[in-house]
Amino acid sequence: MKYILVLQWPVTSEADFDALISMEDLLEADLPDAHGFVDGHDFDAGEMNIFVHTDRPLEAFQDAMTSLRRDPRWVGVRAAYRPADGDRYVVVWPKTLEVFSVS
């Protein structure tokens with residue numbers, strides 16, 4: 001896979017960890033193989049992330065939106081992708097976001 005798509009949310013409490021696992025499981029079940037695969041998560045430093053390896057980051061993001069938009073946390077999502085062998089992120093969402101990083 002050429003890219004890593006990162007879906008990111010702020011962490012407000014330890015209870016968010018259970019929500020992260022639920023969202024990861026749902027996305028893993030719903031993501032078409034042609035658009036990539038879920039490759040884990042992290043939960044630290046005030047943020048939680050789901051990582052998706054993909055050749056088609058924009059399609060994978062649309063799949064994630066379809067799968068997760070019913071979760072109340074979806075409104076707070078930030079998303080970006082980078083080449084698997086790179087470190088510069090391209091912001092996907094929200095469009096007004098200028099800087100994206102993973103702690």
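Is Y89 buried, exposed or partly exposed? Y89 counts as partly exposed, because its relative accessibility is 23% and the buried class ends under 20%. The model is predicted. Its protein chain has two helices and five strands. With 103 residues, a compact globule would have a radius of gyration near 13 Å, and the chain agrees at 12 Å.

**Overall build**

- From the N terminus on, the order of elements is β-α-β-β-α-β-β.
- Strand β1 covers residues 3-10.
- Helix α1 covers 16-30, and strand β2 covers 37-44.
- Strand β3 covers 47-54.
- Helix α2 covers residues 57-68.
- Strand β4 covers 78-83, and strand β5 covers 90-93.
- The C-alpha atoms fill a box of roughly 35 × 30 × 20 Å along the principal axes.

**Packing, surface and charge**

- Buried residues make up 39% of the 103 residues in the chain.
- Take the contacts between residues at least 6 apart in sequence: 63% of them join residues at least 24 apart.
- The accessible surface comes to about 5900 Å². Carbon and sulfur atoms account for 51% of that surface.
- The chain has 9 positive and 19 negative charges. The mean positions of these two sets are 9 Å apart.

**Aromatic rings and a cis bond**

- The structure holds five aromatic pairs.
- Ring pairs join W9, F61 and W74 into a cluster.
- W9 belongs to strand β1 (residues 3-10), while F61 belongs to helix α2 (residues 57-68).
- The peptide bond from W93 to P94 is cis, and its omega is near -10°.
- P94 lies in the segment after β5. That strand spans 90-93.

**I4, in a strand**

- I4 sits in strand β1.
- I4 counts as buried because its relative accessibility is 9%, and buried means under 20%.
- Leaving out residues up to four places away in sequence, I4 touches F51, V52, H53, A80, Y81, R82 and A84.
- Of these, F51, V52 and H53 fall within β3 (47-54). A80, Y81 and R82 fall within β4 (78-83).
- I4 and G36 are 32 residues apart along the chain, and their C-alpha atoms are separated by 9.3 Å.

**Y89, in a loop**

- Y89 is found in the loop between β4 and β5.
- Y89 touches V6, A80, Y81, R82, F100 and V102, not counting residues up to four places away in sequence.
- A80, Y81 and R82 are also among the residues that I4 touches.
- Y89 and V99 are ten residues apart along the chain. Their C-alpha atoms are separated by 8.4 Å.

**H35, in a loop**

- H35 lies in the loop between α1 and β2.
- H35 counts as buried because its relative accessibility of 15% is under 20%.
- Apart from neighbours within four places in sequence, H35 is in contact with H53, T54, R56, E59, A60 and D63.
- E59, A60 and D63 fall within helix α2 (residues 57-68).
- H53 is also touched by I4.

**A45, in a loop**

- A45 is placed in the loop between β2 and β3.
- A45 counts as exposed because its relative accessibility is 54%, and exposed means over 50%.
- A45 and V102 are 57 residues apart along the chain. Their C-alpha atoms are separated by 9.4 Å.
- V102 is also one of the residues that Y89 touches.

**T66, in a helix**

- T66 sits in helix α2.
- T66 is partly exposed because its relative accessible area of 45% lies between the 20% and 50% cut-offs.
- T66 and D30 are 36 residues apart in sequence. From C-alpha to C-alpha they are 9.0 Å apart in space.
- D30 belongs to helix α1 (16-30).

Definitions and conventions:
Residues are numbered from 1 along each chain as its sequence is written. This is a predicted model: local features need pLDDT of at least 70, side-chain atom pairs count only at pLDDT 80 or more; totals for chains, interfaces and linings use all residues. Side-chain values use heavy atoms; hydrogens and water are left out. Rings of Phe, Tyr and Trp (its six-membered ring) pair if their centres lie within 6.5 Å; planes under 30 degrees apart count as stacked, over 60 as edge-to-face and the rest as tilted. Helices (H or I, at least four residues) and strands (E, at least two) are DSSP runs, numbered from the N terminus. The radius of gyration is taken over C-alpha atoms; the globule rule is 2.2 Å times the number of residues to the power 0.38. Buried means under 20% relative accessible area, exposed over 50%, partly exposed in between (1.4 Å probe, protein chains only). Contact means heavy atoms within 4.5 Å. Accessible areas come from the Shrake-Rupley method with a 1.4 Å probe; for residues, only the protein chains shown count as cover. Lys and Arg count as positive and Asp and Glu as negative; His and the chain ends are not counted. The place of a charge is taken as NZ of Lys, CZ of Arg, CG of Asp or CD of Glu.
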